[in-house]
Each structure stands twice: as C-alpha cells, then as structure tokens.
Amino acid sequence: MRKSSIKLRLTLWYALLMLLMAAVTLAFVTVISSSVANQTTLDSLSQTVRENALQADLEEGELKVDSGFSFYRSGIYTLIYSKSQALLAGQLPQALMSLSLPFENGLTRPVETEQGSYYVMDLWLPSGWEDGIWLRGMTEISQGAEARQNLLIAAGIALPLFILLGALGGWFIVRRALRPLDSINATAAAINEGRDLSARIELGEAPEEFSRLAGNFNRMLERLERAFEAERRFTSDASHELRTPLSVILGACEYSEKFDETGEERQETIQTVHRQGKKMAVLIDQLLQMTRLEQGTEGLRMEELDLSALTEELCREQGEKSEYLKLDILPGVRVRGDRLLLGRLIQNLLDNAYKYGKPGGSVWLRLRRGGGWVQLSVRDEGEGIAPEQQEKIWRRFYQADPSRSGGQGAGLGLAIVEQIARLHGGSMSLESRPGEGSTFTLNLPEAAGEAEEKI
Ligand code: ADP
C-alpha cells in the first residue's frame with residue numbers, strides 16, 4: 001500500500017496537535033475563569049453590603065439612610081429589613097419576590113430559584129441593646145457565566161480559524177521545503193525515460209540535506225556515465241578488434257576460391273586463415289578473462305602460497321624459450337593470492353618480454369622481498385617504451401606499435417596484468433628507456449609474518 005505523502009501527514013499531525021492544545025487550554029481557561037469569577041462575585045457582594053452598612057442606621061427607632069447607600073450597584077441588590085424581618089427599604093429582584101429565607105448574620109449562601117441562582121448575604125446592624133436592622137445583599141451567580149460563555153463563543157470561532165490557518169501555512173511551508181525533492185524526482189524520471197545519463201540535478205538554493213542528496217546523486221550519475229561510456233567503448237573496441245581478423249579470413253577465402261590455383265597458393269591461404277583464427281582465439285580468451293576479472297565472476301581462490309616455487313615451476317614450463325631466461329629468485333617468498341591468476345600475470349609479462357625483447361636476447365626474472373612487500377620483476381633488452389607511451393600501455397586495446405606484437409594479442413595483456421595486481425592489493429610499475437629495454441615490476445604485500453628484510 002502506498003503511504004500518504006509527507007506533506008499530508010505533517011499537516012495533519014500539526015493540525016491535530018494544535019486542536020488538542022486548544023482543547024486543553026480552553027478547558028483550563030474555563031475551569032480557572034469560573035472559579036475566579038465566583039470568587040469575584042462573592043467578594044464584591046460582601047464589600048458592597050459592608051460599605052452600605054456604614055451608610056444606614058436606626059436612630060431612636062427610625063431608619064436613617066445616607067446618600068452614599070446604594071440599593072442597586074453592578075448587579076448587587078441591597079435591602080434593609082427590620083428586626084422582625086419586615087422589608088423597610090430597597091427593591092427585591094423579580095426572581096426573589098417569593099423568597100422566604102431566614103436571616104443569618106454574616107452568612108453568604110447560594111439560593112436556587114426558577115429564574116436563576118443567587119448569592120444571598122445577611123448582615124445584622126445592632127442599634128442599642130434591643131433593636132437593630134438587617135441588611136440583605138443579593139446578586140445573580142450567572143453574571144460570570146455570561147462572560148465565560150462569551151469567551152467560549154470567541155474561542156469557538158477563533159480557534160478553528162487559527163488551526164486552519166496553521167494547517168494551511170504548514171502545508172505551504174512543507175511543500176516549499178520539499179520542492180527540491182520534486183526536482184530530484186523529475187531528474188531521475190527523465191534519466192529513466194530518456195536513458196540520458198548526462199542529466200544532472202540543478203537545485204540552486206536548497207536546504208543542506210537536499211544539496212547533499214543532490215550532490216551524491218550527481219556524483220553517482222557521473223560514475224555511472226563513466227562506467228557506461230567505458231562499457232560502450234569496450235564493446236565497440238572488442239567488436240572492431242574481432243572484425244579485423246574476421247575480414248582478413250573472409251577476404252582470403254574469397255580470393256582463394258576465385259584465384260588460387262596451385263596447392264602452394266591454397267596452402268598460403270590456409271596459413272593466413274590459421275594465423276588470423278589463432279589471433280581471434282587469443283583475443284576471445286583475453287576478452288573473457290578481462291570480463292570475468294572485472295565482474296568478479298572469476299571467483300578468487302586466495303591462499304597463502306610460495307611465490308618462489310610458483311615462479312620457478314612456471315619458468316620450467318616455458319619450453320624452448322626457457323633458454324633465454326635468467327633467474328634470480330629468492331626462495332621461500334610467500335604471498336596471499338590466487339595461484340592461477342598470479343601464474344597468468346607472470347606468463348603475460350614473460351610473453352611480452354619475448355615478443356618485444358631483443359631477438360635472441362635474455363629475459364631476467366628477479367624475485368625479492370623487503371619492508372613487507374614482494375617485488376617480482378621481468379626485464380628485457382628490447383627497444384623499450386617511449387616515456388609518453390608508458391602510461392598508455394596499461395589501457396585496454398592500446399598497442400604502441402601493433403606490427404611488433406607479431407600478429408598476436410590486441411593490447412589486453414597488460415590491462416589484465418594490472419587488474420590481477422590490483423585484485424591482490426598490489427600494483428604494477430614500469431621502468432623503461434628506449435633502446436635499452438624495459439623492466440615490469442609487480443609489487444605485492446608479503447604474507448603476514450614473513451616481513452624480514454632480505455634484499
Ligand atoms: P599486446 O602485447 O597484445 O599488444 P599488451 O597489453 O601486453 O598487449 O601490451 C600493450 C603494449 O605495450 C604493447 O603493444 C607494446 O607496445 C607495449 N609493451 C608491452 N610490453 C612491452 C615490452 N616488454 N617492451 C616494449 N613494449 C612493450
């Protein structure tokens with residue numbers, strides 16, 4: 001199932017959070033304001049009645065009320081009763097007309113009527129030993145409730161508005177913040193549809209996280225583009241290299257069919273076909289090796305092995321060419337490696353030394369170790385390699401002078417050599433002076449525990 005978008009989820013989350021906060025705040029405000037309003041009502045009732053008490057008096061049985069006495073002020077009624085509880089002055093509120101509540105000095109209590117709830121407070125003002133008057137203050141409890149209701153109505157309108165505004169604002173901000181993601185998405189989709197790896201994400205000003213993502217994405221695209229380009233070049237070079245001997249074979253066959261008459265001429269054609277066929281076989285074999293090494297499908301069989309013994313064994317198998325070989329092999333040099341691949345590497349170096357060395361000249365093979373590394377070098381006395389070509393010869397299909405390879409090989413031998421060295425954690429180096437010969441050296445880490453200096 002597809003999850004809903006980040007924008008929607010974030011907006012919903014904030015809206016819900018705001019709603020919850022608003023509800024909790026409102027509940028607090030309501031509870032606190034109702035208790036504050038209640039207290040205020042009680043306080044002002046008591047204050048008004050006590051202030052009025054200073055303004056009324058009974059003088060020789062006659063009621064005296066000063067002008068400061070307020071019978072009604074801010075919702076508070078004050079009435080004056082005689083000792084026998086008969087109303088002397090003041091106006092009862094409509095709701096309390098039928099109220100018959102015994103007087104109790106200093107007591108404030110709530111009274112429920114059909115038209116509302118009231119607080120009633122009584123105060124006894126004595127006059128002499130026997131006489132006195134009662135003051136009774138009354139106020140409606142619902143006064144604070146009205147303000148509360150107004151507050152709730154205001155909140156009920158304002159809060160949803162704020163929440164809506166917050167959610168909308170959040171939605172736009174998140175949308176803006178996530179816009180670079182759309183750009184990344186669009187580029188990825190364009191690459192996918194058009195298969196054009198040269199496209200790059202252009203973000204301009206963007207938050208750091210997105211810039212980093214776009215940077216990594218662009219770097220990945222660059223590597224992919226390079227890899228694809230190398231792959232394309234490899235395929236085109238490989239087919240070109242295969243097509244050349246194939247055209248020679250086809251041309252030779254056609255010519256032979258039409259013009260070869262004598263057995264000698266046919267023999268010559270067969271030799272040409274044989275030579276080119278061998279060239280193709282070598283090329284296909286090298287291509288396969290190269291591809292397997294690069295794709296890692298060759299399956300390295302790493303083991304600790306005696307490189308001295310492996311090299312000596314290989315040299316013994318060189319047949320007639322071994323008479324040109326001059327060996328200087330330190331015994332017991334051990335490395336971790338794949339026996340087959342290391343053998344192939346040494347063989348390629350020897351083949352090159354025979355091919356490009358001085359005809360009838362010697363080939364030196366030297367094995368040494370020191371500083372935790374092993375050096376295996378193959379030196380010939382050939383023409384050498386020009387300085388400007390020394391870097392290029394490691395490339396696939398590069399041949400300094402194709403005519404000198406004797407029709408064998410297609411410039412893959414050294415590329416394979418370098419690849420094998422790299423797979424073993426080592427490297428290749430070359431020393432060559434034109435006219436004096438070349439020395440190819442393999443540097444490999446020595447197998448652990450064998451790092452003694454013995455050069
Ligand atoms: P190939 O031998 O099939 O041409 P390599 O990859 O083995 O391919 O070598 C690449 C090129 O490097 C050769 O074409 C040659 O020009 C040059 N080269 C390799 N080894 C030597 C050497 N020992 N002396 C001089 N040139 C060499």
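This briefing walks you through the ligand's surroundings and then a pair of aromatic rings. Keep in mind that the model is predicted. The ligand has 20 residues around it, and the space it takes is the largest pocket.

**Who surrounds the ligand**

- Of the 20 residues that surround the ligand, the closest are Lys355, Tyr356, Asp380, Gln399 and Leu414.
- Sorted by character, the shell around the ligand holds nine nonpolar, seven polar and four charged residues.

**Contacts to look for**

- Start with the side chain of Asp380, where an N or O atom is 2.8 Å from a nitrogen atom of the ligand.
- Next, find Ala400, whose backbone has a polar atom 3.1 Å from an oxygen atom of the ligand.
- Then turn to Ala410, which has a backbone N or O atom 3.3 Å from an oxygen atom of the ligand.
- Taken alone, the ligand exposes 530 Å², and the protein buries 98% of that.

**Where the pocket comes from**

- The space taken by the ligand is the largest pocket.
- Three elements give two or more residues to the shell around the ligand: α7 (339-356), α8 (413-423) and β15 (437-445).
- Helix α7 gives the most to this shell, with three residues.

**Aromatic rings**

- The count of aromatic pairs comes to eight.
- One of them joins Tyr81 and Phe103: the ring centres are 4.8 Å apart and the planes stand at 65°, so the pair is edge-to-face, as planes over 60 degrees apart count as edge-to-face.
- Tyr81 lies in strand β4 (residues 76-82) and Phe103 in the loop between β5 (87-89) and β6 (108-113), so this pair ties together parts that are 22 residues apart in sequence.

Methods:
Residues are numbered from 1 along each chain as its sequence is written. This is a predicted model: local features need pLDDT of at least 70, side-chain atom pairs count only at pLDDT 80 or more; totals for chains, interfaces and linings use all residues. Side-chain values use heavy atoms; hydrogens and water are left out. A residue is near a molecule or strand if one of its heavy atoms lies within 4 Å of it. A polar contact is a pair of N or O atoms within 3.5 Å; within protein, one must be able to donate a hydrogen and the other to accept it, and residues adjacent in sequence count only if both atoms are side-chain atoms. Accessible areas come from the Shrake-Rupley method with a 1.4 Å probe; for residues, only the protein chains shown count as cover. On a 1 Å grid over the protein atoms alone, a cavity is a set of points where a 1.4 Å probe fits but cannot get out, and a pocket is an open set with protein on both sides within 12 Å along at least five of seven lines; lining residues have an atom within 4 Å of a point. A molecule sits in a cavity or pocket if more than half of its atoms lie within 2 Å of its grid points. Helices (H or I, at least four residues) and strands (E, at least two) are DSSP runs, numbered from the N terminus. Ala, Val, Leu, Ile, Met, Phe, Trp, Tyr, Cys and Pro count as nonpolar, Asp, Glu, Lys and Arg as charged, and the others, Gly among them, as polar. Rings of Phe, Tyr and Trp (its six-membered ring) pair if their centres lie within 6.5 Å; planes under 30 degrees apart count as stacked, over 60 as edge-to-face and the rest as tilted.
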